[in-house]
Amino acid sequence: MTNDLLLLIFNADFLFSLIRITAPILFAALGAVIAEKAGVVNIGLEGIMMISALFGVMFAYWTQLWWVGVLGALVVGVLLALMIGFFAFELKTNIILAGIAVNMLGAGGTIFLLSMLTGMKGNTGALVTRELLIPTINIPLIKSIPVLGQVLSGHAVLTYLAFLFVWLMWVLLYKTPLGLNIRAVGENPDAATSIGVSVQKIQYIAIALSGAMAGLGGAFMSMYYSQGWNSGMVAGRGFIALAATAMGRGEPVGTMLSSLLFGLAQALRTKVSGIQGVSSYLVSVIPYLVTIIGLVAYAISIKNKLKKRSPASKGA
Amino acid sequence: MSSDRRLLLFNLLRGAAAIFLALLVATALIFLSSKEPLTALKYLLLGPVISFKSTGMVFNTVSFLTILAAMTPTIFSGLAVCVMFSASQFNLGGEGVIMLGGFVGALLGIYLKLNTGLHQVVCILAAAVVGGLVMLIPALLKVKLGASEMVTSLMMNYIIMFIILHFLNFTFADRSKGATQSFPFEATAKIPEIVSNGTKLTWGLVIALIFVVIIALFMYRTKWGYAIRMVGINQSFAQYSGIQVGMIIVLSQVIGGMLSGIGGSIEMLGRYNTFLWRELPGYGWIGITVAILAKNNPIFVPLAALFIAYLDKGCQLMSINSDVPFEMIDIIQAAIFLFFAAEQFLAKYRQRIVVRNAQRDLALQEAAVSREGKLS
Amino acid sequence: MEQENLVVQMKGISKVYPNGIAANRDVNFTLRRGEIHAIMGENGAGKSTLMKILFGLEQPTSGEILVNGEPVVINSPNKAISLGIGMVHQHFMLVPSLTVAENIVLGMAPTKSRVFVDYKKAVEIAEENATRFNLRIDPNAKVVDIPVGMKQKVEILKALVRGAKILILDEPTAVLTTQETSELFKELISLKEQGFTIVFISHKLKEIKQITDRLTIMRNGKSMGVYETASISEEEISRLMVGRDVVLEVIKDKAQPSETVLKVRDLEYTDRWNKKMLDKVSFSVRKGEILGIAGVEGNGQRELVEMLFNLNVPDAGTVYANGKSLIGMPQNIIRDQGVSLVPEDRMTYGIADIASIEENVISDRFGEKRFNRGPLFNMREIHQESETLIVDYRILAKSRKQQVKMLSGGNIQKVVVARELSSQPTLLIADQPTRGIDVGATEFIRNQIVELSRNGSGVLLVSADLNEVIELSDSLIVMYGGKIVAYFEDTDQLDDITMGEYMLGLKHQTEEEIAKVCYE
């Protein structure tokens, strides 16, 4: 059985699916990264993904254009995130509770919306035709390289985009004035205020970008990964993304690595559950368990770092 | 009217306004989406307690009892959230622990042979212990390592669910049935109905109400509850005062786990004959809504749970009798959630009352100071 | 002519905070172009509030502001910056993980291709200005890694780069070493020569005399007048500032100190910015006496108190109360030793703001047998306790159920004092017990502290209020630069001037003299 496992892991198909599975987690995790950098907790990622996923399908269906669907999902994601922001910043709702409210909308509100818009129950069924799925791309040169081509070529546009966004997010945060402001607001809001940078404005921008990322993640789920929207589709990816971000120390690249780790756990689950005698349920536990273990490892490392930094914390 | 009472009244009115606003959102959505909005509204708002017959409207006792029955698990999950949120612990693991409590209760209900009375007590206690132990994990990780209890508890929900499904499928499944479910519980383990009319209104509700009193006393009349609340309000203050903050954080989550476990087992042994939950039951999330409506005060939990159960029933009836789907409940809940928890919602009016109070206090004080000055 | 020279005129400024505290009352303040102008006053005199109003962080309740002769409304720091006003806050407003250059250009970063931060340009801007204004910095260092003195320069540069012509410095020397301070002064004088106007908030006489042209003295929210620095004596300043004439003398009989209750030996602590905050601090407190700790704030007093109550852990040294070591002990054990603390920061440590008065006064004793009956609280006892404390400590409130945050500052402090003094402590640590509260409450609290000591408790009083610490203490130590520099066994003959010399580090006693405070 060990042999089987090794064979399963070390083949191109598996690595291909690893990348595919990681993409939606990565989108949401990048959303968590940008929010966290501005000192905002966006626990509503899960709900935003659900709702955006639905609207992605709907917009694509209405216009019969896949890219309008993706764009629509993105816009809906931004609007929902801004709503969380509005309640948290203006009306002082605890931002965790505002996020939970959006998750509720994601769980039930979507089913309501779907039924309202189409009369369908629980999934979008035949609305999504082949032409409306996010198209895949074969990369000319890489495609013909034996194993690498199989792994890296032929992914959906959004898959490549997800990994591209890791770099873009890094550039945004570390190379642009907006990024400078975002990091300043997250680290020391008073510093930002003192030189006339509006904390609230920056936080609105950050949470909107966070919503955009989750929106793309949602579109990826319904318009490529599951080939249609259904009610159990996101299955905690928004929450896993939060954990991935915590483990990736809130940095784009670190978060990509931890997202890949969660992707690996999920890919393993899909593969291993096909093997006779292995419980698919227990394998399903892996990504969540890895998340907790990752968080614990991260927490321990932080604690050790603090200890080294200041002798004063030794007793505390 | 004294200004303190005015503030209280204001808070009540504000709550009512939040609920009203949420229902207004629902009404708007119904009018937007439905071809028969009035029918839908009628069933949503009145349906739960009134039957519409050709002869007129009659109070529907059976339906009312069903609503009461539906309160049982959410009272427990609401209480659990009250205790944990009071300590400022955003533990969202109620979902998983309720399912686990149901599972533990079910297993002992199936495989233990005990006299009735004792049997239920053992099942419920075991569920409480297991629930408390499970919540030790996020609590200890928080206290010892500073890992966010929110994320760990969320992850645990899924872990618990899949582990239960594993055992349900591979170890405890009743293969004679088409669907995956356990063997039936012993009759001795069942929590009996108060009135046997199919409403599933069991003595579980009575136990839940007893727990409301116990938890209210615990939170407001014992040193532990006091410590939990102080830690929740100001952790630095609690530490400086000599309260063992870490222990209290753990305690609050363990109690939350125990309450969730009890709720799960009572729901399982009261409403069902075999264990057949295939996914997280959702009571944990409702518990958060309930706790928020109750402002973390256990005494208000039954009222909040009743309100949510009523809405739930209303949405069910609406979806049966009109073209509006049941999931409207989530939209209403989300709206209530947002407005109810919004501190600044109508804050202008509150500020006015507070300022008036402060001004009067200042005047009083200055009078007192000048009096003292004259004396000395 | 005179009018033209005035860059800032603040007329009849009053500020009443929502909690009813009047921080400024009809204050007039003017700035001449190119002067260094000190605002002096004790803590809570309203200096910072006045400057926050000028910088747009607070809005005045009434009054008007003219900048360069034009009436203006300064409703945000942005507006102030656009008027050429910059402020360096007491607590640095810097982002630790960003570099010095990034902090300087934050919010106005130069870009290339309109999208990216031109970091090279940012460094250039930083360096250029650093050279021009003679402020030496390392533009590429991360702020988290640089010393305090450089942080301050970064703050000053931040303001200058934004075109500030008027610089407000809020107690700039509080966190600086002596060398850093003299460096700063050179820089400030050079800025003055370049035509900048500088407001210098401080309560250090020596510094003021050294570099300012004029000074405004504030007391109790009011301006006590504007003076040419050269033509006013230090004594005069001190008299106007502390206004000894209004402070009531505390009547107390001679202390009868008995056995030692607190023994502190060789405490050392270096903070995370590598500043030595406690340097071999040793002293004892005996029952029946009030030992005062005087000193300008920031000379280690706060750290010392933190160590005594295990809110922080020293690098070396011992603390014994009634023979038991307190270091690393949880607070309940410390309290079991009869130690109680009136904390400096009452809103953070002293109270739970949305809890009731009753819940606040029992936080250290709610576990005691008399308040519990089986598993439940004995509510009657608790009510009685809180009612008694409210009466005994003259807490002005509607009822014991009132939320503490609804009370005035003085009454909030009375709640803290009621709890900490009524537990019959063998040792009371009172850290700035009357800061920022009204006269009535101040007098009451001082009398309570004296009474406690005369009933046999040891009291360690830490206060930045010179009058308070001299009047209240039986004996007194002075802290300067993390060290004890003087011990006065008897406070009767002490005067402000002698004290000032020790507090400002001009004088210190011999080790033998200081060691007398170490009773066994």
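**Exercise 1.** How many helices and strands does chain C have? Decide also how the radius of gyration of chain C stands against the globule rule.

*Solution.* The model is a predicted one.
Step 1: counting the secondary structure of chain C gives 19 helices and 24 strands.
Step 2: the radius of gyration of chain C is 25 Å, and the globule rule gives 24 Å for 520 residues; the two are close, so chain C is as compact as a globular protein of that length.
Step 3: along the principal axes, the C-alpha atoms of chain C fill a box of roughly 75 × 55 × 50 Å.
Step 4: 50% of the 520 residues of chain C count as buried.
Step 5: take the contacts in chain C between residues at least 6 apart in sequence; 68% of these join residues at least 24 apart.

**Exercise 2.** Describe the side of chain B that touches chain A.

*Solution.*
Step 1: the contact involves 37 residues of chain B and 39 residues of chain A.
Step 2: on the chain B side, at least two residues each come from α5 (118-145), α6 (149-170), α11 (283-293) and α13 (328-340).
Step 3: α6(B) gives the most, with 12 residues.
Step 4: sorted by type, this side of chain B has 26 nonpolar, 8 polar and 3 charged residues.

**Exercise 3.** Why is helix α9 of chain A described as largely enclosed by the rest of the structure?

*Solution.*
Step 1: a residue is buried if 20 or more other C-beta atoms lie within 10 Å of its own.
Step 2: the buried residues of α9(A) include A:Pro177, A:Leu180, A:Ile182, A:Arg183 and A:Val185.
Step 3: helix α9 of chain A spans residues 177-187, and 9 of its 11 residues are buried, so the helix is largely enclosed by the rest of the structure.

Note on methods
Residues numbered from 1 in each chain as written. Chains lettered and ligands numbered in written order. Predicted model: local features only at pLDDT ≥ 70, side-chain atom pairs only at ≥ 80, totals over all residues. Buried ≥ 20, exposed ≤ 12 C-beta atoms within 10 Å, placed from the backbone. Helix = DSSP H or I, 4+ residues; strand = E, 2+ residues; numbered from the N terminus. Rg over C-alpha atoms; globule rule 2.2 N^0.38 Å. Contact = placed C-beta atoms within 7 Å. Nonpolar A, V, L, I, M, F, W, Y, C, P; charged D, E, K, R; others polar.
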